Each structure stands twice: as C-alpha cells, then as structure tokens.
Amino acid sequence: MVHLASNIRLDDTATGTSTGIICEPTVAMSGLRMMVTGNWFASRSTDGGQSWTHVDPFTEFPSDHGRFCCDQIVHYSREHRLWVWLLQYMPVAGSNIVRVAVSRTGGSGSWHYWDVRPVDADPSWTEVWLDYPDLAESAQHLYLSFNAFDSTNAWRGASVLRFPFADLLARENLARRAWSTSSFGSLRFAQGSSDIMWFAAHTGSATRLQVFSWADDEADVVSRQVGIGPWSSRSYTSTGPDGVNWLARTDWRITAGWRGQGLLGFAWTASPRPGRPHNYVRVVRIDEQAMIVVDEPDLWSPSGAWAYPAAAPNARGEAGLAAFFGGPTHPAHAVGHLDGRTGAWDMTVTSTSTHSPPQAAWGDYLSVRRHPALRTRWVASGYTLEGGQNRRNVEPRVVVFGP
C-alpha cells in the first residue's frame with residue numbers, strides 16, 4: 001500500500017500564475033528546502049512545503065543569450081550538497097543555449113552558471129537548437145542530454161555532455177566532455193547510476209532497446225542492444241468524460257529510467273494491444289551485468305490509460321514511479337512503487353483534474369527523486385487542472401510517498 005507522507009498543492013502565489021498546461025514539473029528536495037520548476041515558473045520553500053516563494057526564471061538570470069523558454073529541470077545532489085538548475089533558452093539566429101546553474105543553498109542570488117551551446121556538444125551544430133533535456137548524476141559527474149534540431153525543426157541528433165562535480169563545486173572553468181549520435185534520439189538517463197552512467201533510447205525496432213553506458217573514468221560510451229518483448233506506438237488516444245483526447249500529444253519517447261539492486265529500468269507510454277484496451281506504461285528491467293531482460297512489469301488498467309511515467313530508486317534501490325491516469329476520469333496524477341513481493345506496481349492517485357486540457361494536450365514529463373533522508377521514500381512532481389481549462393487552472397503538486 002502506498003503511503004502519502006505529504007501531498008502539497010502549489011497555489012497562484014507559489015507559481016506567480018505562470019503555469020502552462022504542458023507543465024513539465026520537476027522537483028528537488030534537501031531536508032526542509034524544496035524547489036519546483038515547470039512551464040514557466042519556479043518556486044522555492046524553506047519549510048518543507050508549508051509556504052512557497054515564486055522565483056521568476058525570466059528574471060533570475062540575464063537574458064544575454066536570448067529569452068528563457070521553456071524546459072527546466074531542478075536537481076539536488078545529496079552526495080555533493082549542491083543544487084543544480086537547468087534552464088533552456090529560445091533560439092537566436094538558429095541556435096540557443098542551455099544554462100546550467102549551481103548553488104549551495106538554492107536561494108535567490110546564490111546561483112553561479114555556465115552556458116552550454118550546441119557546438120559544445122558537436123562542433124558541426126552551428127545552426128542547431130537544443131531541446132528535451134534530461135539530467136542525472138553519477139559519482140563524479142553531472143550528465144545532461146538533449147535532442148538537436150535545425151532551423152527547419154528537423155531532428156539532427158542527440159547528445160550527452162558530462163561535467164565534473166569538482167568544477168561545479170569550485171565554480172571554475174567547466175571541463176566538458178561530449179558524445180553525440182545521429183542514430184538515436186530522446187536519450188533517457190537511469191536515475192541512481194553510480195560510477196557508470198546508464199542511459200537508453202529506442203532503436204526503431206519493437207523488440208530491441210539500445211542501452212548505453214559511460215563510466216566516470218572512461219572517455220568513450222559503450223553501446224549495446226537488448227532484446228525486449230514487442231510493443232507498439234500506433235495510437236495514443238484516451239478520452240475523458242467530456243470526450244477530449246488528453247493523450248493527443250503523447251509519443252513513444254522513454255520518459256523514465258532508474259538503476260537499483262543490480263537492475264536497470266526504463267519505461268515509456270505504449271499503444272493498446274490485445275488484452276490491454278488502453279494506452280499503458282511499458283516497463284523493461286535489465287540485469288546490468290548480463291545485459292538481458294529480467295522482467296517486464298508493465299503498468300496498465302482495463303478501465304483507462306496510463307502515460308508519462310517518471311521513476312527513481314529510493315535509498316534501498318527500490319523503484320518509485322509517478323505517472324498520469326485518465327479515461328474514465330479527467331487526467332489524474334498518481335504515485336507508487338514496484339512491489340517486490342507481487343512484481344506489480346502499487347499506485348495511488350494524489351489528485352484528479354476537474355477538467356480536460358482545452359487543446360487535447362498534456363505532458364511531457366514528470367520527475368521522481370530519492371528522498372534525501374528517509375530510506376524507503378521518494379519525492380515526486382505532478383500537476384492537475386482544477387476549476388477550469390485555462391492554463392492558470394494548472395496546479396502543480398509535490399508528493400512525498402513510500403510503501
């Protein structure tokens with residue numbers, strides 16, 4: 001059974017009414033200090049979520065390389081006691097930056113930042129802009145990943161960059177090592193990686209997954225293909241009580257990755273199949289030594305759709321999950337964990353929207369983090385649409401949960 005230790009709703013004061021229906025909330029936590037980001041706001045709490053202060057990402061940093069917009073990720077490194085804030089900026093003359101900021105406290109005015117440009121990932125990306133970021137840490141490095149698009153919005157490739165924590169902590173010149181590919185996109189890290197960073201991408205085959213590893217003490221990325229059970233990305237449709245397809249924006253990208261107890265886990269949204277009448281969360285767990293699938297504990301329901309999974313291990317290496325559920329209801333946010341006894345996901349709804357999105361669009365990602373102090377718990381971000389269909393009716397949410 002899932003226990004919700006706290007289920008916190010962020011109001012208009014916390015978000016500055018700068019919310020978007022494609023909210024993409026992320027959360028980080030250090031003791032009583034918490035930070036939440038989303039489209040297009042950030043908010044900070046120093047009392048465990050009892051009160052919040054709106055932080056404006058448009059004005060917190062200079063707009064010297066274009067205007068902020070829109071993706072953000074916030075992360076707290078417990079091992080290094082360092083807050084990390086990633087902000088994506090709009091393209092200028094065909095290119096953009098991603099700003100990587102760090103702080104010991106997470107307080108306003110305490111951030112030191114570096115700018116990452118497409119040419120830092122690949123010298124040939126001179127008129128390319130970066131999008132769809134992911135962020136994770138290993139024992140020694142901070143890792144970022146992006147998709148890259150040209151001026152016609154055509155996909156050019158994907159890249160992973162890593163930065164030594166020693167440089168981030170010292171606030172000095174940032175050593176950067178990059179790896180890029182034009183064969184695989186929408187890379188997703190395994191949260192909880194240690195001295196090896198693991199990440200994965202789809203191959204274009206319904207029965208193969210591409211799994212990558214980048215060891216902290218190695219210069220090169222190692223790539224392997226792993227056989228998995230078949231799945232489909234043909235259809236993403238789930239209509240709420242008012243007939244709106246809240247999954248119209250959904251696609252096949254991997255949105256969850258984690259490592260724990262010797263296993264790698266990856267999850268994404270899949271199309272219905274015989275015996276599963278609704279979209280569901282496709283889950284694959286892989287033995288990290290043997291590189292073979294151990295099990296495939298998908299999350300599905302006979303009554304509605306599951307989508308947009310995010311995951312992370314707790315301190316014991318157990319997988320916690322956040323996702324959205326809908327169909328019989330408007331989009332609902334839910335959290336849970338993989339029950340080691342049953343091999344199934346134990347999920348509970350934190351909040352259900354009162355309305356469906358006006359433009360049949362939801363997403364694109366959530367976050368789950370290891371709790372900084374309690375071994376069996378996680379902290380997750382989410383959101384619902386409350387009291388109307390306006391973007392200002394979006395209510396972000398922070399949930400602390402455990403078994």
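Rings of Phe, Tyr and Trp, the last taken by its six-membered ring, count as a pair if their centres lie within 6.5 Å. In this predicted model, the structure holds 23 such aromatic pairs, and the tour begins with one of them.

Select Tyr-143 and Phe-189 first. The centres of these two rings are 6.1 Å apart and their planes stand at 65°, so the pair is edge-to-face, given that planes over 60 degrees apart are counted that way. Tyr-143 belongs to strand β11 (residues 141-150) and Phe-189 to strand β14 (residues 188-189), so the pair ties together parts that are 46 residues apart in sequence. Both Tyr-143 and Phe-189 are buried.

Next, select Phe-184 and Phe-212, which form an edge-to-face aromatic pair with 5.6 Å from centre to centre and 70° between the planes. Because Phe-184 sits in the loop between β13 (177-181) and β14, while Phe-212 is in strand β16, this pair ties together parts that are 28 residues apart in sequence. Phe-184 and Phe-212 are both buried.

Now add Trp-179, Phe-199 and Trp-214 to the four residues already selected: ring pairs link Tyr-143, Trp-179, Phe-184, Phe-189, Phe-199, Phe-212 and Trp-214 into a cluster.

Finally, turn to the surface and select Asp-195, Asp-217, Glu-218 and Asp-220, which gather there in a patch of negative charge. One of these residues, Glu-218, can be found in the loop between β16 (208-215) and β17 (222-227). Glu-218 has a relative accessibility of 44%, and therefore counts as partly exposed.

Key:
Residues are numbered from 1 along each chain as its sequence is written. This is a predicted model: local features need pLDDT of at least 70, side-chain atom pairs count only at pLDDT 80 or more; totals for chains, interfaces and linings use all residues. Side-chain values use heavy atoms; hydrogens and water are left out. Patches are made of residues with over 30% relative accessible area and no salt bridge: like charges are joined within 9 Å, nonpolar side chains (Val, Leu, Ile, Met, Phe, Trp, Tyr) within 5 Å. Accessible areas come from the Shrake-Rupley method with a 1.4 Å probe; for residues, only the protein chains shown count as cover. A salt bridge is a side-chain nitrogen of Lys or Arg within 4 Å of a carboxyl oxygen of Asp or Glu. Lys and Arg count as positive and Asp and Glu as negative; His and the chain ends are not counted. The place of a charge is taken as NZ of Lys, CZ of Arg, CG of Asp or CD of Glu. Helices (H or I, at least four residues) and strands (E, at least two) are DSSP runs, numbered from the N terminus. Buried means under 20% relative accessible area, exposed over 50%, partly exposed in between (1.4 Å probe, protein chains only). Rings of Phe, Tyr and Trp (its six-membered ring) pair if their centres lie within 6.5 Å; planes under 30 degrees apart count as stacked, over 60 as edge-to-face and the rest as tilted.
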